[in-house]
Amino acid sequence: MAALIQHVQRALLRQKWLSSYSCRNYSKKFYDKREGVPNDFLVWLQRDYDWSINGIRKMYKAAEFEMQKRSQKYLPERHEILGPDLATSHFIVKRGGAVKFVDRETWFRMEEDGKYYLPNRKVEGMKLEAVDASNTSLMHIGMDNFVNLSELRYLSFSNCPHVDDWCMSRLHTFKHSLEFLDISGCDQITEDGLACLHHLEKLKGLKLSNLPNVKHLQLMVLLLEESLPECMVFGVDFTASDADHGDVQEGKDSELDTQSREAMKTQSIGSTKT
């Protein structure tokens, strides 16, 4: 337990989380001769903390989440210095992702030593074409960094634990350029998020798999294919029932499952004849 506590303390100190509560460095924040002790600080002192092992783990996870959230805020000065394409590239690569630019075969990613090699100034004509943010901690607030990317064609959010419906609602800004999207393994996405994808009129490929919170995945795929006729959906097994995917509840949902399969068979027969 002592080792766990030390690990938590070191992690918090690295991010200067504890410094905001240091009376030595922020005495003026906690006491003022005219106003006395601020009410917010008194409320903080009266909080009932759980100092058990599970409680400490929850505190650590909550603090880590807040640190990640703050680190993903949009920085206007970064975009002003680098331009939108390079600014987004630095944002993604620094968090373990990879990027590719138009007319270049090389994917830029972080090396094993934590270094990466991207221009640190604006380069005219260097347009971002592909972003691989798979297995990163990207969340909805980080989507603010995806602005003015006129040439973005490929985007992967595969296995991003914090990518949710809010992130999907921000993708409409790429409706004139995005051609491939991978959101497989994003546990937070529901039917509402998939419904936002109908704006992507240029989409040609969509990978959907392992989406446990999408209860009627097969039906959603049929609706997406109807609204995006040029798009091919990957990762969905139409030969299995929705129950096998864990997508349909018992009772009323079984009827919807039957209707989805019948619609799928009808569409398959039509495409075969064509």
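# Reading a sheet and its salt bridges

Reader: Where should I begin, and in what order do the strands of the open sheet run?

Author: Welcome! This is a predicted model, and its open sheet of seven strands has the order E2-E1-E3-E4-E5-E6-E7, with mixed pairing. Strand E2 (107-109) and strand E7 (232-234) are at the edges with a single partner strand each, so one side of each has no neighbour in the sheet. On average, neighbouring strands are turned by 15 degrees against each other, direction ignored.

Reader: How many bridges join strand E5 to strand E6?

Author: Three bridges connect E5 (residues 180-182) with E6 (residues 205-207), and these two strands run parallel. For a pair to look up in the viewer, try Leu181, which stands opposite Leu206 in E6.

Reader: Which strands does helix H6 touch where it packs on the sheet?

Author: Helix H6 (residues 84-94) touches strand E1 (98-101), E2 and strand E3 (128-132), and its direction makes about 155 degrees with that of E1. Nine of the eleven residues in H6 are buried, including Leu86, Phe91 and Ile92. The buried residues of H6 also have helix H4 (53-71) and helix H5 (76-82) among their packing partners. After H6 comes Gly96, with a positive phi near 95 degrees.

Reader: Now to charges. Where do Lys100 and Glu129 lie, in terms of strands?

Author: The general idea is that side chains of opposite charge can pair when their charged atoms come close. This structure holds five salt bridges. In one of them, the side chains of Lys100 and Glu129 meet at 2.7 Å, N to O. Lys100 lies in strand E1 and Glu129 in strand E3, so the pair ties together parts 29 residues apart in sequence. Lys100 counts as buried at 14% relative accessibility, and Glu129 counts as buried at 12%.

Reader: Which residues are linked with Lys100 and Glu129 in a network of salt bridges?

Author: Arg153 and Glu179 belong to that network too. Arg153 forms a salt bridge with Glu179, their closest N and O atoms being 3.0 Å apart. Arg153 is in the loop between E3 and E4, while Glu179 is in the loop between H7 and E5. Arg153 counts as partly exposed at 38% relative accessibility, and Glu179 is partly exposed at 22%.

Reader: What is the nearest side chain of opposite charge to Glu191, which is buried yet has no salt bridge?

Author: That side chain is Lys215, 7.4 Å away, whereas a salt bridge needs nitrogen and oxygen within 4 Å. Glu191 sits in helix H8 (residues 191-195). Leaving out residues up to four places away in sequence, Glu191 touches Asn213, Val214, Lys215, His216 and Met220.

How values were computed
Residues numbered from 1 in each chain as written. Predicted model: local features only at pLDDT ≥ 70, side-chain atom pairs only at ≥ 80, totals over all residues. Heavy atoms only, no water. Pairing = 2+ DSSP bridges. Helix = DSSP H or I, 4+ residues; strand = E, 2+ residues; numbered from the N terminus. Axes fitted to C-alpha atoms, helices over the stretch in contact; angles between N-to-C directions. Contact = heavy atoms within 4.5 Å. Buried < 20%, exposed > 50% of the residue type's maximum accessible area, 1.4 Å probe, protein only. Lys, Arg positive; Asp, Glu negative; His and termini not counted.
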